[in-house]
Amino acid sequence: SEPILTVQDLHTHFFTDNKEVPAVDGVSIDLHKGEVVGIVGESGCGKSVTSLSIMQLVPNPPGKIVNGNIYFKGKNLTDASEKQMRKIRGNEISMIFQEPMTSLDPLFTIGNQLIEAIRIHQKVSKKQAKSSAIELLNLVGIPRASEVVDEFPHQLSGGMRQRVMIAMAMSCDPEVLIADEPTTALDVTIQAQILDLMRKLNKEKQTSILLITHDLGVVAEMCDRVVVMYSGKVVEEGTVREILKDPKHPYTKGLIRSLPNIKATDQKLYSIPGTVMRPSLDQVGCRFAPRCDYAFDRCWEENPELLEQDTGRQVRCFLYEKEIERGVPSNDRTY
Ligand code: SF4
Ligand code: MG
């Protein structure tokens, strides 16, 4: 089937101090109806800029989408006006950010904010909107919803505020939910509950979810498919099973090794040695080379293409050129 959301060869650059930084450097991602796709990578890999680019929310200046297309149900969002985007955001595509305090207005009650969100999208009375707001708060598992609706954000815990944000995001019954590190700031128990909630929405409403995270444990629990990003580029893509059981790219292998083993008593984390190469336009060679155990001469001289198997599995590494004979560069994919 046609993807509901397609990111096609996206290039988002930042212009600072006379420098042009390709924060997102030719990224392509498909999201299908009812699918949960994870974008993983360390901070600075371009995953958040990718999600902001989809929403046309990259701060300009200093950021700018310099190339590529984003199709949502066949419509190219890179051509959409701000007015059209405002209709799509929080309506057909919703977004949940990491820090709910910054996304809720401290001066208004939870109810007022939800009611406003509901009434932007539905022609209902204030009274009807308030009962829908309470229903939504119940749906996201907020106890005493009929009281919370009249409370202010600071009266709630971080976990409860994040639930409110999910309720806000769901208030318009979006077709796509983009969640950027939705549980990072929360403790483990609350994190599990929020993930359960997102999974429930995905199952019951067929909401497609793009989940941005640095946490492979979250990916293992939630995702159907995984896109691994490094230094502005996709370095590997596959089903969650393929990525976790059979990682190919040396970076993904390192990430998997860094997953804490739940059974082990020694919970010490493995971390990939070396420093991240920041995206740069004049950089030659594989961006992972400075940290790669397998790097050889060519890796410093030439940029590896994203090789693709006919199953859709992708990997950007010279080591797989023989294995993936049918490989084609990502830019040559046709949609
Ligand atoms: Fe390592 Fe070379 Fe593969 Fe890059 S292309 S990941 S440096 S082996
Ligand atoms: Mg981020």
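**Entry 1: the two domains**

I began with the contact between the domains in this predicted model, and found that 14 residues of domain 1 are in contact with 12 residues of domain 2. On the domain 1 side, I noted that the largest share of the touching residues, 5 of them, comes from helix α8, which covers residues 188-205. I then sorted that side by class, which gave 10 nonpolar, 3 polar and 1 charged residues.

For the bounds themselves I went to the domain assignment, which gives domain 1 as 5-92 + 172-332 and domain 2 as 101-171. I also looked up how far apart the two domains sit, and their C-alpha centres lie 30 Å from each other.

**Entry 2: the chain as a whole**

I next took stock of the secondary structure, which comes to 12 helices and 12 strands. For overall extent, I noted that the C-alpha atoms fill a box of roughly 70 × 55 × 45 Å when taken along the principal axes. I wanted to set this against what a compact globule would show: for 335 residues the expected radius of gyration is near 20 Å, and the chain has 21 Å, which agrees.

On burial, I recorded that buried residues make up 41% of the 335 residues in the chain. Turning to contacts with a sequence separation of 6 or more, I found that residues 24 or more positions apart account for 62% of them.

**Entry 3: the largest nonpolar core**

Which residues touch the most other members of the largest nonpolar core? I found that this core has 83 residues, and that Leu114, Ala167, Leu210 and Val228 are the ones with the most contacts to other members. The largest share of the core, 8 residues, comes from helix α7, which covers residues 158-170. I also asked where the core lies relative to the domains, and since domain 1 (5-92 + 172-332) and domain 2 (101-171) both give residues to the core, it lies between them.

I followed Ala167 a step further and, not counting residues up to four places away in sequence, found that it touches Leu114, Leu136, Leu137, Leu139 and Val140.

**Entry 4: around ligand 1**

I then listed the surroundings of ligand 1, where 13 residues form the shell and the closest are Cys286, Cys292, Ala295, Cys299 and Cys317. Sorted by class, I count this shell as 12 nonpolar and 1 polar, with no charged residues.

**Entry 5: Gln8 and Lys64**

I picked out Gln8, which is found in strand β1, residues 5-16. Is Gln8 buried or exposed? I note that Gln8 counts as buried because it has 20 C-beta neighbours inside 10 Å, and 20 is the number at which a residue is taken as buried. I also looked at Gln8 together with Arg298, which is 290 residues away along the chain, and found their C-alpha atoms separated by 28 Å.

Lys64 has its place in strand β4, residues 63-72, and it counts as partly exposed, with 16 C-beta neighbours inside 10 Å. Leaving aside neighbours within four places in sequence, I found Lys64 in contact with His13, Phe15 and Val58. I also recorded the pair Lys64 and Ile256, which are 192 residues apart in sequence and 33 Å apart in space, C-alpha to C-alpha.

**Entry 6: backbone details**

Before going through the backbone I reminded myself that most residues other than glycine have a negative phi, and that most peptide bonds are trans.

Which peptide bond runs from Asn60 and is cis? I found that it leads to Pro61, with omega near -5°, and that Pro61 lies in the loop between α1 (47-54) and β4. A cis peptide bond also joins Pro61 and Pro62, with omega about 5°, and Pro62 is found in the loop between α1 and β4.

I looked up Gln56 as well, which lies in the loop between α1 and β4 and has a positive phi near 55° although it is not glycine. Gln56 is partly exposed, with 19 other C-beta atoms within 10 Å.

My last entry is Gln206, for which I noted a positive phi near 60°, in a residue other than glycine. Gln206 lies in the loop between α8 and β8 (208-213), and I list it as exposed because 11 other C-beta atoms lie within 10 Å, where 12 or fewer is the limit for an exposed residue.

Technical notes:
Residues numbered from 1 in each chain as written. Chains lettered and ligands numbered in written order. Predicted model: local features only at pLDDT ≥ 70, side-chain atom pairs only at ≥ 80, totals over all residues. Domains from an automatic or database assignment. Contact = placed C-beta atoms within 7 Å. Helix = DSSP H or I, 4+ residues; strand = E, 2+ residues; numbered from the N terminus. Nonpolar A, V, L, I, M, F, W, Y, C, P; charged D, E, K, R; others polar. Near = placed C-beta within 6 Å. Core = buried A, V, L, I, M, F, W, Y, C linked by C-beta atoms within 7 Å. Rg over C-alpha atoms; globule rule 2.2 N^0.38 Å.
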